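Okay, everyone, thanks for coming. Let me put the model up on the screen, and then I'll walk you through the parts I marked.

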Amino acid sequence: MTSVIIDGKSVSQEIKSEVKLLTEKLKSEKGVTPGLAFILVGNDPASEVYVKNKSKACESLGYYSVTEKMPESVSEKDVLQKVDQFNRDERVHGILVQMPLPKHIDDCKVIQQIDPAKDVDALHPFNIGLYTETKSWGEIVDKRLLLPCTPYGMMVLLEKYGIDVSGKRAVVVGRSNLGGKPTAALLLSKNATVTIAHSRTKDLAGVCREADILVAVIGKPRFITREFIKPGAAVLDVGINRTEEGLVGDVDFEAAKEIAGWITPVPGGVGAMTISMLMKNTYLAATRTTNEKTS
Ligand code: NAP
């Protein structure tokens with residue numbers, strides 16, 4: 001069997017084009033330009049690239065964007081004040097604090113300082129509560145909830161490729177707040193029977209082999225090998241690992257593609273969706289403000 005390679009790049013482009021049209025409509029009909037503020041602390045080269053790419057995406061969609069660069073030595077108080085300033089700024093509908101923050105700054109405190117309505121990374125406990133308390137994916141979509149960008153992107157990929165989720169067995173390997181946990185919550189909202197596996201899981205390969213949908217959010221290059229995969233399963237690889245051979249995922253792609261039904265490559269799979277979903281969230285946040293103003 002050779003699997004269908006899920007093309008995250010082209011789906012991501014599709015989402016951006018859709019959001020661009022919606023944005024033009026929002027601007028012409030309501031006079032609102034979506035705005036996104038970035039807070040970048042320190043000089044981590046990877047974080048700088050991430051923020052640059054995100055602000056380029058803002059530019060290509062005609063968003064207002066502003067980047068606040070703060071030195072590594074900045075105090076937690078100053079970061080919290082900057083968040084507050086963006087909370088009050090009417091041009092800004094979304095605030096993104098690029099992680100990781102330096103060790104002397106409590107990232108939970110910073111996330112909780114963001115106005116939940118502007119929390120376009122959907123990391124604030126209020127937003128986590130909103131999407132986990134809903135009973136279905138339909139309700140999530142109807143309520144236009146903010147969702148964490150990478151897991152949201154995965155749900156879109158599953159939809160675009162017609163991969164049935166309801167009633168299927170899903171295994172998510174990894175339980176981070178950014179990756180595994182929200183992915184499991186969204187799969188559950190789509191009626192999958194979900195298992196979250198982690199470093200203490202016994203017989204991990206056996207657990208994974210039960211999955212119709214297998215998600216790897218681990219951070220270990222090519223960790224998921226052929227024997228973890230049920231023939232015909234959909235395999236979503238969130239891992240981004242820098243190796244001497246370049247970027248590789250958590251899945252041994254070459255071996256897995258011979259057995260999976262669908263598989264995401266790295267790069268060009270799940271990771272390609274994240275920025276588009278951030279743009280979508282910012283658009284949603286901007287429309288919500290408009291609705292509040294007009295209601
Ligand atoms: P993380 O916080 O380090 O979490 C890794 C998870 O993997 C943990 O829950 C850990 O289990 C589990 N794990 C580690 N070794 C394992 C093993 N041998 N067997 C089973 N489970 C194991 O990492 P993260 O933030 O979730 O990120 C994971 C990967 O996804 C990274 O490569 C990251 O770059 C990538 N990522 C990509 C995007 C994107 O595409 N935009 C977004 C987010 C993350 P324990 O909890 O038991 O330690």
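Let's start at aspartate 203, which sits in the loop between strand 6 (193-197) and helix 9 (204-209). One thing to say right away: this is a predicted model. Aspartate 203 has a phi near 50°, a positive value in a residue other than glycine. Is aspartate 203 buried or exposed? With a relative accessible area of 54%, aspartate 203 is exposed, because the cut-off for that word is over 50%.

There's another residue of that kind. Arginine 222 isn't a glycine either, and has a positive phi of about 50°. You'll find arginine 222 in the loop between strand 7 (213-216) and strand 8. Its relative accessibility is 34%, so arginine 222 counts as partly exposed.

While we're on backbone angles, a couple of glycines. Glycine 31, just after helix 1, takes a positive phi of about 65°. Glycine 162 comes just after helix 7, with a positive phi of about 60°.

And then the cis peptides, if you're setting up anything that cares about omega. Methionine 99 and proline 100 are joined by a cis peptide bond, omega about 0°. Proline 100 is in the loop between strand 4 (94-97) and helix 4 (107-113). From valine 266 to proline 267 the peptide bond is also cis, with omega near -5°. That proline 267 belongs to the loop between strand 11 (262-263) and helix 11 (274-294).

Stay in that loop for a second, since methionine 273 lies between strand 11 and helix 11 too. Methionine 273 has 0% relative accessibility, so this residue counts as buried. Now, what separates the C-alpha atoms of methionine 273 and serine 10? They are 263 residues apart along the chain, and the separation is 9.2 Å.

Serine 10 takes us over to helix 1, residues 8-30. Helix 1 has 23 residues and spans 32 Å from its first C-alpha to its last, close to the 33 Å expected at 1.5 Å a residue. At the N-terminal end, aspartate 7 acts as the cap, with a side-chain oxygen 3.2 Å from the backbone nitrogen of lysine 9. Which residues of helix 1 are buried? They're Gly8, Val11, Ser12, Ile15, Lys16, Val19, Thr23 and Leu26. Keep the usual geometry in mind as you read down that list: an α-helix has 3.6 residues a turn, so residues three or four places apart point the same way.

Next, helix 7, residues 149-160. Helix 7 has 12 residues and reaches 16 Å end to end, first C-alpha to last, close to the 16 Å expected at 1.5 Å a residue. How many of the 12 residues are buried? The count is 10, so helix 7 is largely enclosed by the rest of the structure. Among the buried ones are Cys149, Thr150, Pro151 and Tyr152.

Hold on to threonine 150, because, well, the ligand is our next stop. A polar side-chain atom of threonine 150 lies 3.3 Å from a nitrogen atom of the ligand. Lysine 220 also puts a polar side-chain atom 3.1 Å from a ligand nitrogen. For threonine 274, the distance from a side-chain N or O atom to a ligand nitrogen is 3.0 Å. On its own the ligand has 920 Å² of accessible area, and the protein covers 70% of that. There are 19 residues around the ligand, and Arg175, Ser176, Ser199, Ile240 and Thr274 come nearest.

Ile240 turns up again elsewhere. Isoleucine 240 is in the loop between strand 8 (234-237) and strand 9 (241-243). At 45% relative accessibility, isoleucine 240 counts as partly exposed. Together with Tyr50 and Leu247, Ile240 forms a nonpolar patch on the surface, with about 240 Å² of accessible area.

Last stop, threonine 183, in helix 8 (residues 180-189). Buried or exposed? Threonine 183 is buried, with a relative accessible area of 1%. And what does the side chain of threonine 183 reach? The backbone oxygen of glycine 179, at 2.7 Å.

That's what I had marked. Over to you.

Conventions. Residues numbered from 1 in each chain as written. Predicted model: local features only at pLDDT ≥ 70, side-chain atom pairs only at ≥ 80, totals over all residues. Heavy atoms only, no water. Patch = residues over 30% accessible without salt bridge, like charges linked within 9 Å, V, L, I, M, F, W, Y side chains within 5 Å. Areas by Shrake-Rupley, 256 points an atom, 1.4 Å probe, with all protein chains shown as cover. Salt bridge = Lys/Arg side-chain N within 4 Å of Asp/Glu carboxyl O. Helix = DSSP H or I, 4+ residues; strand = E, 2+ residues; numbered from the N terminus. Buried < 20%, exposed > 50% of the residue type's maximum accessible area, 1.4 Å probe, protein only. Expected span 1.5 Å × (residues − 1). Polar contact = N/O pair within 3.5 Å; in protein donor to acceptor, adjacent residues only side chain to side chain. Near = heavy atom within 4 Å.
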